[in-house]
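Please open the model in your viewer and keep the sequence panel beside it. The tour below goes from the whole chain to single residues, with a selection to make at each stop.

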Amino acid sequence: MYLQTVMLLLRAEGLHSCPQVMWTMYRKTVSRIVGADDRLALFCGVSVGFEKEDVPRLRTERAEMTETVSFIGA
């Protein structure tokens, strides 16, 4: 919820953002490069900037909801 709030505030200021959770896989490497304490773990990062409007959009395929969700008791 915190990250969502930050991202909404960025949009209100005309900026775009992209959360990046994959950094958790590289937390040791990132910690070494930025000199972070070993007791800390990088959970996620956020890219912030202005949208470049004249580039093609990358749309990844999505599974149908019935493939990933089960409704119980409905």
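## The whole chain

Read from start to end, the protein chain follows the pattern α-β-α-β-α, which amounts to three helices and two strands. Keep in mind while you look around that this is a predicted model, with an average pLDDT of 87 and with 99% of the residues scoring at least 70. If you colour the chain by confidence, helix α1 (residues 2-12) has the highest mean, at 94, whereas α2 has the lowest, at 85.

Now show the C-alpha trace alone and turn it slowly. Along its principal axes the trace spans about 50 × 35 × 25 Å. The radius of gyration is 17 Å, while a compact globule of 74 residues would have one near 11 Å. Buried residues make up 8% of the 74 residues. If you add the surface, its accessible area comes to about 7200 Å², and 59% of that belongs to carbon and sulfur atoms. Among the contacts with a separation of 6 or more, 55% are accounted for by residues 24 or more positions apart, and the next stop shows some contacts between parts of the sequence.

## Strands β1 and β2

Select Q20, which lies in strand β1, and then V46, which has its place in strand β2 (residues 45-49). These two are 26 residues apart along the chain, and their C-alpha atoms are separated by 5.8 Å. Which residues is Q20 in contact with, leaving aside its neighbours within four places in sequence? They are C44, G45 and S47. Q20 itself is partly exposed, with a relative accessible area of 26%.

Stay with V46 and display what surrounds its side chain. Not counting residues up to four places away in sequence, V46 touches L3, S17 and C18. For a further distance, pick M7: the C-alpha atoms of V46 and M7 are separated by 8.7 Å, although their positions lie 39 residues apart along the chain. At 32% relative accessibility, V46 counts as partly exposed.

## A nonpolar patch on the surface

Next, select M22, W23, M25 and Y26 together and show their surface. These residues form a nonpolar patch, with about 470 Å² of accessible area together. To see where one of them sits, keep M25 selected: its place is in the loop between β1 (16-20) and α2 (27-34). M25 counts as exposed because its relative accessibility is 58%, which is over the 50% cut-off for that class.

## Inside helix α2

Move on to S31, which has its place in helix α2. Is S31 buried or exposed? S31 is buried, because its relative accessible area is 11%, under the 20% cut-off. Show the atoms around S31 and you will find that it touches A36 and L40, not counting residues up to four places away in sequence.

## Two salt bridges

How many salt bridges does a search of the whole structure find? It finds two, and each can be brought up by selecting a pair of side chains.

For one of them, select R39 and D37, whose side chains meet in a salt bridge at 3.1 Å, N to O. D37 is found in the loop between α2 and β2. The partners are not covered alike: R39 is exposed, with a relative accessible area of 75%, whereas D37 counts as partly exposed at 34%. While D37 is still selected, add V21 and draw a line between the C-alpha atoms, which are 20 Å apart in space for two residues 16 apart in sequence.

For the other, select E51 and R57, whose side chains meet in a salt bridge at 2.1 Å, N to O. Here E51 is partly exposed, with a relative accessible area of 33%, and R57 counts as exposed at 55%.

## A last look

To finish, return to the full chain and highlight the stops together: Q20 in strand β1, V46 in strand β2, S31 in helix α2, M25 in the loop between β1 and α2, and D37 in the loop between α2 and β2.

Notes
Residues are numbered from 1 along each chain as its sequence is written. This is a predicted model: local features need pLDDT of at least 70, side-chain atom pairs count only at pLDDT 80 or more; totals for chains, interfaces and linings use all residues. Side-chain values use heavy atoms; hydrogens and water are left out. Patches are made of residues with over 30% relative accessible area and no salt bridge: like charges are joined within 9 Å, nonpolar side chains (Val, Leu, Ile, Met, Phe, Trp, Tyr) within 5 Å. Accessible areas come from the Shrake-Rupley method with a 1.4 Å probe; for residues, only the protein chains shown count as cover. A salt bridge is a side-chain nitrogen of Lys or Arg within 4 Å of a carboxyl oxygen of Asp or Glu. Helices (H or I, at least four residues) and strands (E, at least two) are DSSP runs, numbered from the N terminus. Buried means under 20% relative accessible area, exposed over 50%, partly exposed in between (1.4 Å probe, protein chains only). Contact means heavy atoms within 4.5 Å. The radius of gyration is taken over C-alpha atoms; the globule rule is 2.2 Å times the number of residues to the power 0.38. pLDDT is the predictor's confidence in each residue, from 0 to 100.
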